[in-house]
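I opened my notebook to walk through this one a piece at a time. Here is what I looked up, in the order I looked.

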Amino acid sequence: MKKNINIFNISTSKINLLDLNRQDLRCFLVSLGAKSFCAEQIMYWIYHDYCNDFKKMYNISIKIRNQLYEKSYIFAAKFIEERVSCDGTIKWITLINNQKIETVYIPEKKRSTLCISSQIGCPLQCHFCATGKEGFQRNLKVSEIIAQIWQANKILKEKNITKNITNIVFMGMGEPLLNLKNVVSALKIILDEYGFGLSKRRVTLSTSGIVPALDKLNTMIDVSLAISLHAPNNYIRNMIMPINRKYNIDSVLNSAFKYFKSSNANRGGVTIEYVMLDGINDSNKNAQELAFLLRKIPSKINLIPWNSFFGSSFLCSDINRINIFANILRKKGFTAMIRKNRGQDIHAACGQLTSGMKSSLKKKFI
Ligand code: SAH
Ligand code: SF4
């Protein structure tokens, strides 16, 4: 227990309680002389009442509240900007040390999804992705990942939007498996009944396939997995995703299969993401290759029409081509869905999130 506490370096700085999952919070509270059940009480205040003021936590003893005040705080960075799409999608921007991160809310008929970021930028530089093109700043802390959900829920409440967030996807900025420790700790809070309390089937981690980290994730937590495959062979994947030279298709799919086998959250199969790039990966032959590649892996294929961004020379496959591609996969027995593009007018769609401040679109500051 002591070992854990030292990590937080209590003596030198205050701890943001949003950085702690339930287990960490227990250790911290016990070190202050509190009973361990105090962790559940405090998480309830934080994640159910959106309370960040120790004074209001009347069921916590004054002695412990004073200690908490001295040694910790609860801080979720506010969104500084909001953009609302004509399709109801909302993009929120947080400013962290002068750097931007983006969070996207996507309401649908039966569910509402929050797409969150795990890094500022991304070091992997997939050629079709605006985030990758922008370079990498740093990993987000647990509190910075959690703050996106905390603030989104709070704002939706304030706006009287009754549609709660039902699904969370790590499909915003960054490669979550390059920030494994913080992402897993955040996932624990997301799944915890005293945290956001979401079911593991409704929480998706999307990855370009960092094999050693995916194998580690397998031993750490069970959530829905989405693999950004985007190519039916190593030749094409090497061209569009430099990370493939390190972890090739076979190694990524093997690791995904291992995850699938020990997972309850992925009972319907792992999601395979495939961005449709005109003339690059969208031929009939490519569809057949893809079907062959995935023949032994229980999977659902998500075809993503490529979203354009300034300075990129790719083109999105036209919708007829995407339909033909999907039908080839369906005839081979796969579930192939074509992802709806949401929030394109506010640059909130997949792969359009950046940390730059360039957009000329009308902005609403909040
Ligand atoms: N780094 C992770 C998660 C963030 S990207 C990953 O790569 O999986 C979320 C999804 O959007 C990924 O499948 C990614 O490949 C896809 N994507 C990136 N740029 C895109 C673009 N311009 N158009 C459509 N999808 C894109
Ligand atoms: Fe990074 Fe994912 Fe974009 Fe690739 S697609 S650059 S891994 S965010």
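**Entry 1: helix H12.** I began by checking the length of H12: at 1.5 Å a residue, its 13 residues should span 18 Å, and the end C-alpha atoms are indeed 18 Å apart, so the two agree. I keep in mind throughout that this is a predicted model.

Next I asked which residues of H12 are buried. They are Ile-322, Phe-325, Ala-326, Ile-328 and Leu-329. Looking down the axis of H12, I see these buried residues fall within an arc of 155 degrees, so they line one face of the helix. On the other side of H12, I noted Ile-319, Asn-320 and Lys-331 as exposed. The buried residues pack against S12, H11, S13 and strand S14 (335–338).

**Entry 2: helix H11.** Since H11 turned up among the packing partners of H12, I went there next. In H11 (residues 284–293), the buried residues are Asn-286, Ala-287, Leu-290 and Ala-291. Why do they sit on the same side of H11? They cover an arc of only 140 degrees around the axis, which puts them there. Lys-285 and Phe-292 are exposed on the other side of H11. I then looked for what covers the buried residues, and found that the cover includes helix H9 (234–240), strand S12 (270–276), strand S13 (299–305) and helix H12 (319–331).

**Entry 3: helix H7.** I ran the length check again on H7 (residues 180–191): twelve residues at 1.5 Å each should span 16 Å, and the end C-alpha atoms are 16 Å apart, which agrees. How many of its residues are buried? Nine of the twelve are, so H7 is largely enclosed by the rest of the structure. I listed the buried ones as Leu-180, Asn-182, Val-183, Val-184, Ser-185, Ala-186, Leu-187, Ile-189 and Ile-190. These pack against helix H2 (22–31), helix H3 (38–47), helix H6 (142–158), strand S9 (167–170), strand S10 (203–207) and helix H8 (211–220).

**Entry 4: the second largest pocket.** I stayed with H7 here, because of all the elements, H7 gives the most to the lining of this pocket, with five residues. The pocket holds about 720 Å³ of space. I found 31 residues in its lining, with Asp-19, Lys-141, Val-142, Ser-143 and Asn-182 nearest the centre. The elements giving two or more residues to that lining are helix H1 (2–8), strand S1 (15–16), H2, S4, H6 and H7. By type, I get 14 nonpolar, nine polar and eight charged residues in the lining.

**Entry 5: the second largest cavity.** How many cavities of 30 Å³ or more does a search of the whole structure find? It finds two. I looked at the second largest cavity, which has about 40 Å³ of space. Its lining is made up of Ala-77, Phe-79, Thr-94, Ile-96, Ile-101, Glu-144, Ala-147 and Gln-148. Strand S4 (90–96) and H6 are the elements that give two or more residues to this lining, and H6 has the largest share, with three. I sorted the lining residues into five nonpolar, two polar and one charged.

**Entry 6: two positive phi angles.** Tyr-50 caught my eye with a positive phi of about 50 degrees, although it is not a glycine. I placed Tyr-50 in the loop between H3 and helix H4 (62–71). Is Tyr-50 buried or exposed? Tyr-50 is buried, with a relative accessible area of 13%.

Asn-97, also not a glycine, has a positive phi of about 45 degrees. I found Asn-97 in the loop between S4 and strand S5 (99–107). Asn-97 counts as exposed, at 62% relative accessibility.

**Entry 7: two single residues.** I looked up Lys-154 and found it in helix H6. Lys-154 counts as partly exposed, at 25% relative accessibility. Lys-154 and Tyr-47 are 107 residues apart along the chain, and I have their C-alpha atoms separated by 10.0 Å.

My last stop was Cys-27, in helix H2. Cys-27 is buried, with a relative accessible area of 9%. Its C-alpha atom and that of Thr-131, 104 residues apart along the chain, are separated by 37 Å.

Definitions and conventions
Residues are numbered from 1 along each chain as its sequence is written. Chains are lettered from A and ligands numbered from 1 in the order in which they are written. This is a predicted model: local features need pLDDT of at least 70, side-chain atom pairs count only at pLDDT 80 or more; totals for chains, interfaces and linings use all residues. Side-chain values use heavy atoms; hydrogens and water are left out. Buried means under 20% relative accessible area, exposed over 50%, partly exposed in between (1.4 Å probe, protein chains only). Helices (H or I, at least four residues) and strands (E, at least two) are DSSP runs, numbered from the N terminus. The arc is that of the directions from the helix axis to the C-beta atoms. Contact means heavy atoms within 4.5 Å. The expected span of a helix is 1.5 Å times one less than its number of residues. On a 1 Å grid over the protein atoms alone, a cavity is a set of points where a 1.4 Å probe fits but cannot get out, and a pocket is an open set with protein on both sides within 12 Å along at least five of seven lines; lining residues have an atom within 4 Å of a point. Grid points are joined across faces, edges and corners, and a volume is the space filled by probe spheres set on the points. Ala, Val, Leu, Ile, Met, Phe, Trp, Tyr, Cys and Pro count as nonpolar, Asp, Glu, Lys and Arg as charged, and the others, Gly among them, as polar.
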